[in-house]
Amino acid sequence: MFRNFLSTGFLVRAGHAALTWAVTLVLFLFETDLRRSEEHGEFLQPVAFVLLVFCSMLLYFITSLMDPGYVTFDDELKGQVARWNQGTGDEKEQMIPVVQKAQRLRRCGYCMVQQPMRSKHCQSCQHCVRRYDHHCPWIENCVGERNHRFFVLYLTTQLAVLLWAFHIAWSGFHTEAAWKDWLHVNTLLLLAFIIIIIFTVVVMLLLVSHLYLVSNNTTTWEFMSRHRISYLKHCGSEENPFDQGIFGNLWTFFCVCKTVVWERIYFRAEDELV
């Protein structure tokens, strides 16, 4: 239990929570817009800011702790049942991909499960993950088919918090006659301001890159390693067999909650090319 208490995941999540609330506390302690609103009995802005921070933290823990889409042996059994149902004429849609044409599912050399298309084994999590995007050390979890949309929502909310916090921190700086006096008065607020700037740049770059990839229906892994991925090797640099148009890609990503049969989309695109 003590080992689990001091695990990397626990320390990372605890560090994120501590840093977030420490910066929030600094914004309330100094003479910022939040503090002035409280002193004037106007609690709408402080309460709204705290609620937004709380929503950001909630999305962080949801993304960090949930199953990103692990492939299990139960999925393999369901796949066999799906193929049997197809053979008996059952037309209902299956949640697990049905292998089409002559392609065989690749068996993972680490955990020995059959990998659906777009899955990859994560060395950090020791699991194969559906629609694997990347392993994020900040949430200490993989970003995959099940939690990718929550990851993007978390980045969006976090960016809103950081931009608002930037404005609040800027409003709290006081001018002093001497540089040393100014630094002495604003040391903690300046440190919080620097942290806010750093995280704002990082989160903004992450959000923009993920929205771009989502709109093209590709993942970070596929974007960075397409020359090594078997089902993308034969595709041109601008060709994406999973692309359904920007609106179709966004709809699939944000609104489709069930397991997507990527093999069907892949082979349909292949047939259209032929």
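## Exercises on a predicted model

The protein chain exposes about 15,800 Å², and carbon and sulfur atoms supply 65% of this area (Shrake-Rupley method, 1.4 Å probe; for residues, only the protein chains shown count as cover). This is a predicted model, in which local features need pLDDT of at least 70 and side-chain atom pairs count only at pLDDT 80 or more, while totals for chains, interfaces and linings use all residues. Residues are numbered from 1 along each chain as its sequence is written, and side-chain values use heavy atoms, with hydrogens and water left out.

**Exercise 1. Describe the chain as a whole.**

Step 1. Start with secondary structure: the protein chain has 10 helices and 6 strands (DSSP runs numbered from the N terminus: H or I of at least four residues for helices, E of at least two for strands).

Step 2. Turn to burial: 43% of the 274 residues of the protein chain count as buried (under 20% relative accessible area; exposed is over 50%, partly exposed in between, with a 1.4 Å probe and protein chains only).

Step 3. Now look at contacts (heavy atoms within 4.5 Å). Among those in the protein chain with a separation of 6 or more, 63% come from residues 24 or more positions apart.

**Exercise 2. Check the length of α2 and find what its buried residues pack against.**

Step 1. The 22 residues of α2 should span 32 Å at 1.5 Å a residue, and the end C-alpha atoms are 31 Å apart, which agrees (the expected span is 1.5 Å times one less than the number of residues).

Step 2. List buried positions: in α2 they include Gly9, Arg13, His16, Val26 and Leu27.

Step 3. The partners of the buried α2 residues are α3, α4, α6 and α7.

**Exercise 3. Map the nonpolar cores.**

Step 1. Recall the background: in soluble globular proteins, nonpolar side chains tend to be buried together.

Step 2. The largest nonpolar core holds 36 residues, and Leu27, Phe49 and Leu189 have the most contacts inside it (a core is a set of buried Ala, Val, Leu, Ile, Met, Phe, Trp, Tyr and Cys residues joined through side-chain atoms within 4.5 Å).

Step 3. At least two residues of this core come from each of α2 (8–29), α4 (44–65), α6 (148–170) and α7 (179–215). The most come from α6, which gives 10 residues.

Step 4. Zoom in on Leu189: beyond its neighbours within four places in sequence, Leu189 touches Val26, Leu27, Phe30, Ala169, Gly172 and Phe173.

Step 5. Tyr132, Trp221, Ile229 and Leu232 belong to a second, separate core of 17 residues.

**Exercise 4. Which salt bridge joins Arg118, and is Arg118 buried or exposed?**

Step 1. The whole structure contains 4 salt bridges (a side-chain nitrogen of Lys or Arg within 4 Å of a carboxyl oxygen of Asp or Glu).

Step 2. Arg118 pairs with Glu222 at 2.7 Å, N to O. Arg118 lies in the loop between β2 (114–115) and β3 (120–122) and Glu222 in helix α8 (residues 220–225), so this pair ties together parts that are 104 residues apart in sequence.

Step 3. Arg118 and Glu222 are both buried.

**Exercise 5. Examine two salt bridges in helix α3.**

Step 1. Asp33 meets Arg36 at 2.8 Å, N to O; both lie in α3 (residues 33–39), 3 residues apart, about one turn of the helix.

Step 2. Asp33 is partly exposed at 21% relative accessibility, as is Arg36 at 28%.

Step 3. Glu39 meets Arg35 at 3.6 Å, N to O. These two are 4 residues apart in α3, so about one helical turn separates them.

Step 4. Glu39 is partly exposed at 49%, and Arg35 is partly exposed at 27%.
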